[in-house]
Structure formats: C-alpha cells, structure tokens
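Please walk through this structure with me, beginning with how elements of one chain pack together and ending with the contact between chains.

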Amino acid sequence: MIGFIIRRVLAMIPVLFLVALITFFLMKQAKGGPFDQEKEVAPSTIALLNRKFGLDKPAWLNTAEFNNRMSADGPFAAVRGLFDSQFGNYMLNAVQGDLGPTYASKGTETVQDKIKQTFPISLRLGLISLTFALVVGFPLGILGALRQNTIFDYFSLIISTIGFSVPTFVTGLVLLLVMSKVFGIAPIKDPSVWEGFSMSYFPPAIILGLGTMAYITRLTRSSVLEVKRQDYIRTAKAKGLGDRVVILRHILRNSLIPVITILGPAVAGLVTGSFIIESVFRVPGIGSEFIGAIGSRDYSMIMGSTLFFSLLVALGNIMVDLSYGLIDPRIRNS
Amino acid sequence: MAEAPLLEVKNLQVQFKTADGVVNAVNNVSFSVNRGETLGIVGESGSGKSVTSLSIMRLIPSPPGKIAGGQILFDGDNLVDFSESEMRKIRGNRISMIFQDPMTSLNPVLRIGKQMTESLQLHMGMTAKQARNRAIDLLSMVGIPAPDKRLDDFPHQFSGGMRQRVMIAMGLACNPELLIADEPTTALDVTIQAQILELLNRLKNETGTAIIFITHDLGVVAGMTDRVIVMYAGRVVEQASTNELFRNPRMPYTIGLLDSIPRLDGIQTRLTPIPGLPPDLLEKTNRCPFAPRCDFVQEQCWIETPSLRQVAPDHTAACLFDIDRDQRQVMAEKKIAEEQAVLDAALEDVLAHEQAS
C-alpha cells in the first residue's frame, strides 16, 4: 500500500515535467509579451523589465553562457551555465517551491501567493458543486435504473440531458438573469462574500456541477442496470432477500465502481474551477486568475497555475486508484 | 396410497414477450418430485429446463417473462398465486437454488461469510454469531478446509470448484426441502465435476433433500437421479425412471441424445450426433417439434403434435409411434441406402448421357 503510493507519487514527476515543457513551448509560440501595453512603451523600459525578470536570457538552452564558463570555470559550472535560460531557471526555482513573481504585479507578488489567495475560493466552489453533483446525480441515476422506462427514468433522462448539452455559459447567464431581474441579488459585487462559506457560492456551484451531475446520473444508471443483470443478483434474490437488501447490499456497491473512475478527473476539474463560471459569476478564484494571466502573457502565472492544475489532476487520480481498493476487494489484493 | 409429492408442476406455461412476438418457452409442462427424490431434467440449450426451474422459484424476469398458466404445487400450496413477500419466505428457505456458473454467481465485493449468513439470519432468525457458526459447519460439510478463516475471504480468492462448494453450502443453509441445481457442474472442468457430483450425492443422502438436477449431460443424470424427464422445445417429451430411460428410451430425441454420448462399457459404436437445430419457439405449428431432426419421421409427424402417452409402466413419451433404439440403426441404414440410390441413379444418368454423346 505504502509502496503503491510512493510509486505513484514518483510517477508524477515526469508527468509534471512534461506538462511544464509543453506549456512553456506553447506559451512561447504565442505572439506578444508580458509588458506589451496599449500605448507604446519605450524599448529601453521593456529591456529593463525583461532583464529584471530574466526574459533577456535564451528560452531553452544558454549555449553562449555554456561556452563562456567552459573556458573560464570548467565543465561543472558550464552545465549550470547551459541551463541559465528562462526554462532552466524557472524549473530550478519551481522544484524549490518558488513559482516566480507575477508580471502583472510587477514583481511584488509571487505566483504561489496568488494561488494561496485564490485557490481556497475555487476549492470551496468545487467542493460544493461536487457535493451537488453526487447528491443529485447518484440517486437520480439509481432511480432511473430501478424504475427503468417509467416516468422517473424519463425525468432523470431529461435532467441529465439538459445538464449535459446546455453549455454552462448559457445556464450560468440564465441563472444570473433570473437572480438579478427576479430577486435582485446578483451580480455579487462585494468581494468579501467569497471569504469563507456563504450562500453566494451556491448559484455558481450548481451551474458548475450540472455537467458532472448529468454524467454521474447517466453513468450510475447504466452501471446499476448492468449490475442488476448479474448472476449474483439472481443468487441474492434466490436467497429470499427483499428488494431493499438486494439493492442496498448487492447492487449499489458494485455499481459504484465505474462512478468512482470518473470522480478523480471530476474532482480536479471542479476544484480548479470552471474558468467560464468564475468569470460569469465574478468569482475571484484561480480559474478567472488563469484566464487573466493568459490574456496578459503573464508567463510565470500561466506556468504556475498549469502545473498546479496538473498536480491536482494527478493527485485526484491517485485518490481514485486508492478508493477502488476500498470498494472492490479484487483490486485491493492485487 | 403413496405420500403426496413435495412438488407438483401441472400444465405450466411460461411465455416471453419479445419484439418478434410471444415465445412459448415452456409449454404444458407437468411433473412431480417426491420428498427425498432426485429428479433429472435433461435437454439442450433453449429447451426450457432453466425457465422451468426459475418459474418454480418465481424468478422469471418479468417483464418480459410471465407464467401464463398452470400450477406449481409445493407441499400443497400453489406458488403461482403467492405474493412476492410470501415467495420470499420460500426462496432460500424451503426451496433453494444452485446456479450454473460459480464464477459469476457470488457477489464479488462481499465476503463469503456475509453472503452465507444473510439467508440464515433472514430465514432462521439467527444472531450474527449463530449464523457464523452455522456457516462454518456448512463450509466444512462441503469440504472446504479451514472454514473459519475462509469465511472472511472474498469470492475471487476461491477456485471455481471451491466456489461451487460455497454455492452448495449456501443452498443447503436453511435445510431446504427442495434444492434446484441448474447445471451445477457445466462450468467446471471434468475432475472438479466429479468431485462436486460426489459431494451432492453424499449430501443428498445425509440431508434427505429432494433435488431437481438440471443438466444437458445424460452421463451426469445416470449417476445422480432417480427419475428423469427429457425436455425438448419447451415440452416434456419423455419421462421415466433413470434405469428405464437408459434401458428403453422411446422418444427419438432421447435415443438421439443417448447415441451422441460415448459408451464406456467396451462396446465400440460410432457416435451419432442429432442433426439440425432446435425449433424456433416463435412459430406455431401442429407438427411434432422434433420431426425435422428425427430419424424415424413419418408422414403423420408433420400434421400432428404428439402428447405424452404411456409407453410402459411408469414411463411416458411424446411420440406417435412405438419405436425403440434398435430401430434407429435400421432406419439410419435405410436412409443412407435411399440417399445412395438417388446418387447411383444420378450417376447412371450421367454415364448414359456420356455414352450417348
């Protein structure tokens, strides 16, 4: 068990490195830079800023520095010199937990500060929407399967189809409109409501959770239908067990397995927040921060949040693999 | 007068509604099982033997299936009229069932102990502790070593044969009066099959439980059962004591089944398979359902469905004619001779044609 966890955590390292590599590459392909403004900025100022943030160095490998130091300080220092590049320095700092300064703040705020400040909001939002997705989706799916092809099943189908097919920016805007026109309670302008739990989280959380809820509903339904047909359910019935016991003891646990599978990515997806929903509802979470960072070419913020998201997804998947063992003894022992 | 039978199935009709129409899976099936008796039900896939047994437990998936007629008298009560809750008191308690595939018939996420004790607690009102002790006794009865430890294992930690032993132990948990074993050895390899059959034979004698043994393997029937019914296309086509059936089969289908299993008594004969496929139960016909595959087929077979009739003491068969096994060889040879004659004639024709040109 411990060995399994250690192996999985170690396997995350190359994954995260690859993510960093690809993100950095893509970022550099995009035109523009962090200090572009609408009005012309003096080239000397830009050069100064670039120098301050190390953007004057080559992107990948610093061969000039390598040659310099090779002749002066020997091969060991030369290798360090080779990685005295934007990517090299970023990665060196990142492994030490320093994700660099945000360019937007002109270097007064670090990326990890920004994450610490915005992530709890997204986390709360995500947890509420996950709870919503599970509490509504799971029972709805079970109901649909147990009362297959009845009005309950169709009701569950309609709800999940809406959740699936209507994009969140539509449902979000509709909800926002209803809230502001009918109840006069939106949009929420006071940023302090996002500190700690408050009712304000519910509208965006429900919209955010709709898709996951729909998915869980459909998945649960098909899973329960599948388990219902299994031989061991017939065995359970042949023992004279009542419907309630057959469902609760024999069907539900077996039908949880596929639902758990999607939970890992779903948790990561919900917790890192929907970029769109956070913008629509003006939630100052990490998602809206990320969108902002892309627009302003805030390189370190883009890198930092991408790595952070990747870490969450990877951790989510490890959690899922561990929870399989709790539910399915066949996996526990192997 | 003899004691009333434990189970009496009278004119049972089971139908399944499908997109193509109503399938008559079981047609007018009647038979009875006495206390302590072992009855074999033999037939190929789709002959209605499993549907019959599931009907007795009232476990036919409904919809699409339904018991369309007939009676299932168990100890005098008609199970067809029982409510679902009355049925639950019977299932697993007075009638229990063992299924074909032990690999899939146990819940993979529950410990064996839990699966064994749940019916004990339900039907016998045992506490968890009492049920556990009874489960330990049952497991050692079916020959599972270290039963107190094995109770805490999951199904995947048992081999196929061991799982079937667990299934049998579960089936016998509440001392049922009737045990229905639906092809309990089909999914097992041959040496394990023999062990399981031996176990069932021993337990049958120890507990005195009546058994309905469903199989497509006549070899298994020979060693296990007192009486046999043969099913074909949802009907009973022959019924006799096991000895009588093997010595004196009177329905062409039974004869075909017997001729398609190898004999171990030294007499070397060619194995003759039954040609063709079982009939489509959707069609409604007046002919004998076996006619298209029958070696003995006569004109009358195509216009009349035979019903069961007495052919010997305590022996019924659904065939219009008095036939026996020895005739088959004769009939088969006659058939071959006829085919040969047709071929010869054709060949002569060709030769004559060639000579003429």
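A crossing of two helices is called right-handed if the near helix is turned clockwise from the far one by less than a right angle, and left-handed if the turn is anticlockwise. With that in mind, and remembering that this is a predicted model, one can turn to a pair of helices in chain B. Helix α6 of chain B, residues 160-172, packs against helix α7 of chain B, residues 190-207, at an angle of about 20°, and their axes lie 10 Å apart. Because angles under 35 degrees count as roughly parallel, α6(B) is described as roughly parallel to α7(B). The crossing of α6(B) and α7(B) is right-handed. On the α6(B) side the residues that meet α7(B) include B:G160, B:R165 and B:L172, while the residues of α7(B) that they meet include B:I192, B:L199 and B:T207. Sorted by class, this contact of α6(B) with α7(B) holds seven nonpolar residues, five polar ones and one charged one.

Helix α6(B) also leads to the sheet of chain B, since α6(B) lies across β6 and β7 of that chain and runs at about 175° to β6(B). The sheet is open and is formed by eight strands of chain B in the order β6-β7-β8-β3-β9-β10-β12-β11, with mixed pairing. At its edges stand β6 (95-98) and β11 (309-312) of chain B, and each has a single partner strand, so one side of each is left without a neighbour in the sheet. Neighbouring strands of this sheet are turned against each other by 25° on average, direction ignored. Strands of a sheet pair through backbone hydrogen bonds, either parallel or antiparallel. Strand β7 of chain B, residues 178-182, runs parallel to strand β8 of chain B, residues 210-215, and five bridges join β7(B) to β8(B). Looking at a particular residue, B:D182 has B:I214 in β8(B) as its bridge partner.

In chain A, residue A:N67 lies in helix α3, which spans residues 63-72. A:N67 counts as partly exposed because it has 13 C-beta neighbours inside 10 Å. The C-alpha atom of A:N67 is separated by 8.4 Å from that of A:G81, 14 residues apart along the chain.

Finally, the contact between the chains takes 19 residues from chain A and 23 residues from chain B. On the side of chain A that touches chain B, the elements giving two or more residues are α10 (231-238), α11 (243-271) and α15 (329-332) of chain A, and α10(A) provides the largest share, seven residues. By class, the residues on this side of chain A divide into six nonpolar, six polar and seven charged.

Definitions and conventions: Residues are numbered from 1 along each chain as its sequence is written. Chains are lettered from A and ligands numbered from 1 in the order in which they are written. This is a predicted model: local features need pLDDT of at least 70, side-chain atom pairs count only at pLDDT 80 or more; totals for chains, interfaces and linings use all residues. Axes are lines fitted to C-alpha atoms, for helices over the stretch in contact, and angles run from 0 to 180 degrees between N-to-C directions. Helices (H or I, at least four residues) and strands (E, at least two) are DSSP runs, numbered from the N terminus. Angles under 35 degrees count as roughly parallel, over 145 as roughly antiparallel, 65 to 115 as roughly perpendicular and the rest as oblique. Two residues are in contact if their C-beta atoms, placed from the backbone, lie within 7 Å. Ala, Val, Leu, Ile, Met, Phe, Trp, Tyr, Cys and Pro count as nonpolar, Asp, Glu, Lys and Arg as charged, and the others, Gly among them, as polar. Two strands pair if DSSP finds at least two bridges between them. A residue is buried if 20 or more other C-beta atoms lie within 10 Å of its own, exposed if 12 or fewer, and partly exposed in between; C-beta atoms are placed from the backbone.
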